[in-house]
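Got your viewer open? Let's take a walk through this one, selecting a few residues at a time.

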Amino acid sequence: MKTAICAVYDMTANLYGAPFSATNEQVAIRQFQAELTNVQANGPMQTHPQDFKLFALGTFDNETGTYDLYQQPLFLYQGTQP
């Protein structure tokens with residue numbers, strides 16, 4: 001099964017965070033949205049959601065152990081989207 005490999009980009013720091021895997025890109029968006037609205041946390045993603053974007057970097061095949069990375073990160077979601 002192929003899973004999505006994604007990362008959050010911090011526009012203020014001009015850096016990508018550590019990549020993470022999700023079942024697919026839609027689940028990655030849901031995870032990102034949940035983190036942005038996490039009332040338990042009070043970090044930069046919650047206080048400055050406009051500074052963060054979610055990108056897909058490629059896929060990981062857990063049957064072959066191989067990655068298929070995109071030529072360029074694929075924009076998925078902006079932190080301030082509805």
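In which loop does Gly65 lie? Select Gly65 and you'll land between β4 and β5. Keep in mind as you go that this is a predicted model. Gly65 is partly exposed, with 45% relative accessible area. Now add Lys2 to the selection and put a distance between the two C-alpha atoms: you should get 9.7 Å, although Gly65 and Lys2 sit 63 residues apart along the chain.

Next stop, Thr3. You'll find Thr3 in strand β1. Its relative accessible area is 15%, and since buried means under 20%, Thr3 counts as buried. Show what surrounds Thr3, skipping anything up to four places away in sequence: Ser21, Ala22 and Thr23 come up on one stretch of numbering, and Gly58, Thr59 and Phe60 on another.

Hang on to Phe60 and bring in the rings. The whole structure has 6 aromatic pairs. Take Tyr9 and Tyr16: their ring centres are 4.7 Å apart and their planes meet at 55°, so this pair is tilted. Tyr9 is buried at 19% relative accessibility, while Tyr16 is partly exposed at 40%. Now back to Phe60, which pairs with Tyr67; this pair is tilted too, with 4.9 Å from centre to centre and 45° between the planes. Phe60 is partly exposed at 23% relative accessibility, whereas Tyr67 is exposed, with a relative accessible area of 54%.

Before leaving the rings, select Tyr9, Tyr16, Phe55 and Phe75 together: these four make up one aromatic cluster.

Time for the inside. Which residues of the largest nonpolar core touch the most other members? Select Cys6, Val8, Phe32, Met45, Leu54, Leu76 and Tyr77, and you have them, out of 15 residues in that core. Colour by element of secondary structure and you'll see that β1 (2-10), α1 (25-36), β4 (52-61) and β5 (66-78) each bring at least two residues to this core. The biggest contributor is α1, with 5 residues.

For the last stop, centre on Phe32 and leave out its neighbours within four places in sequence. What is Phe32 in contact with? Val8, Met45, Phe52, Lys53 and Leu54 show up, along with Tyr77, Gln78 and Gly79. Compare that with your core selection: Val8, Met45, Leu54 and Tyr77 are among the core residues you just picked.

Conventions
Residues are numbered from 1 along each chain as its sequence is written. This is a predicted model: local features need pLDDT of at least 70, side-chain atom pairs count only at pLDDT 80 or more; totals for chains, interfaces and linings use all residues. Side-chain values use heavy atoms; hydrogens and water are left out. A nonpolar core is a set of buried Ala, Val, Leu, Ile, Met, Phe, Trp, Tyr and Cys residues joined through side-chain atoms within 4.5 Å. Buried means under 20% relative accessible area, exposed over 50%, partly exposed in between (1.4 Å probe, protein chains only). Helices (H or I, at least four residues) and strands (E, at least two) are DSSP runs, numbered from the N terminus. Contact means heavy atoms within 4.5 Å. Rings of Phe, Tyr and Trp (its six-membered ring) pair if their centres lie within 6.5 Å; planes under 30 degrees apart count as stacked, over 60 as edge-to-face and the rest as tilted.
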